[in-house]
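Reader: I'm new to this one. Could you show it to me and explain the words you use as we go?

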Amino acid sequence: MLLVSSVLAASGWIFSLQALSGLPPFFFIGTRFVIAGLLIGVVSRLHGVRLSDLWVSLPGAVALGLSMMAWITGLQHTSNPGVAAFISGCGNLLMPVFGLMLYRWPVGRRIWQALGIALVGLGLLFLTGSARMEIGNLWFVVASALWGIGMVISRQGVERVGLMTLTALQLVLSGALILAASLAVETWPRALPTLPVVEAFVGAVLLATCGRFLLQLKGQHLLSPGRAAIFLTLEPVWTLVASMTLLGTTITPIQLAGCAVILSAMVFVLLPDRHTPAG
């Protein structure tokens, strides 16, 4: 589930870049989340949502909304979506740490070691001029931290509200928050955008949002926080591949080494512990 979710998440980068050519950024991401949340509610046949469900969903929705506002702002200014995706992926790597800070989740030594290895790989991405720290990348740093916090809070909310209800409510609430910001700072479009923009918007809603969040939250609920975080770090790999094949971006040898180091961290944390009995 998390593997497929990471692929769908990567598709969101491509869909979003296309949609931004014809839609205001906050308007796009806010509308995308509200529609996706409503669709998930209809498909899941949700009914009888209580006020307490809204309160449980609200903290994670606020973190998610702020994260996506930072993310879409960074996407407007990035020159390399693949590098930006690795920066955003830090939120998934840090999720167990946020869980420790907020809820005292146990974090094993292997997770800390894998995190250290992955951060070394991420550092290699900034050793070339094409991957220098730019304004857009700073926004991705903020987005990754808020994303990790939001996912930790969401994991706790699943226990109290339920997977489908939480997913639908958080998407609608975070989308409404972003649309409120959009109404304050943006001019909404008065005519339908071009067909490619509409197609990108539909793909972002159905695949990169509905499908991605359902699989991601379900997978996180079934796995330990550390293992879930490592699977989710595959998103930047798929994003880098997509940006190279579809957008024509290039990768340097040092950047390739950085990706290889991060992948080695993923493999390392999933290796069986010699001191743990089989099964």
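Author: Sure. From the N terminus on, the elements of the protein chain run α-α-α-α-α-α-α-α-α-α-α-α-α. That comes to 13 helices and 0 strands, where helices (H or I, at least four residues) and strands (E, at least two) are DSSP runs, numbered from the N terminus. This is a predicted model, in which local features need pLDDT of at least 70 and side-chain atom pairs count only at pLDDT 80 or more, while totals for chains, interfaces and linings use all residues. Residues are numbered from 1 along each chain as its sequence is written, and side-chain values use heavy atoms, with hydrogens and water left out.

Reader: What makes the protein chain as compact as a globular protein of that length?

Author: Its radius of gyration, taken over C-alpha atoms, is set against the globule rule, 2.2 Å times the number of residues to the power 0.38. The rule gives 19 Å for 279 residues and the chain has 18 Å, which is close, so it counts as compact as a globular protein of that length. Along its principal axes, the C-alpha trace spans about 60 × 45 × 25 Å.

Reader: Why is the pair of Trp13 and Phe140 called tilted?

Author: Rings of Phe, Tyr and Trp (its six-membered ring) pair if their centres lie within 6.5 Å; planes under 30 degrees apart count as stacked, over 60 as edge-to-face and the rest as tilted. Here the centres are 5.5 Å apart and the planes sit at 35 degrees, so the pair is tilted. Trp13 is in helix H1 (residues 2-19) and Phe140 in helix H8 (residues 135-161), so the pair ties together parts that are 127 residues apart in sequence. Ring pairs also link Trp13, Trp71 and Phe140 into a cluster.

Reader: How do you know whether Trp13 is buried or exposed?

Author: Buried means under 20% relative accessible area, exposed over 50%, partly exposed in between (1.4 Å probe, protein chains only). Trp13 has 1%, so it counts as buried, and Phe140, with 0%, is buried too.

Reader: What makes Phe27 and Trp188 a tilted pair?

Author: Their ring centres are 5.1 Å apart and their planes are at 55 degrees, so this pair is tilted. Phe27 lies in helix H2 (residues 25-43) and Trp188 in the loop between helix H9 (163-185) and helix H10 (195-222), so parts that are 161 residues apart in sequence are tied together. Phe27 is buried at 18%, whereas Trp188 is partly exposed at 34%.

Reader: Why is helix H4 called largely enclosed by the rest of the structure?

Author: 8 of the 8 residues of helix H4 (residues 81-88) are buried, so that description follows. Among the buried residues of H4 are Pro81, Val83 and Phe86. Across the protein chain, buried residues make up 53% of the 279 residues.

Reader: How do you know that Arg155 lies over the face of Trp105?

Author: A charge sits over a ring if NZ of Lys or CZ of Arg is within 6 Å of the ring centre and within 35 degrees of the ring normal. Arg155 lies over the face of Trp105, at 5.6 Å from the ring centre.

Reader: And how do you know whether Leu54 and Leu183 are buried, partly exposed or exposed?

Author: Leu54, found in helix H3, has 33% relative accessibility, so it counts as partly exposed. Leu183, in helix H9, reaches 60%, so it counts as exposed.
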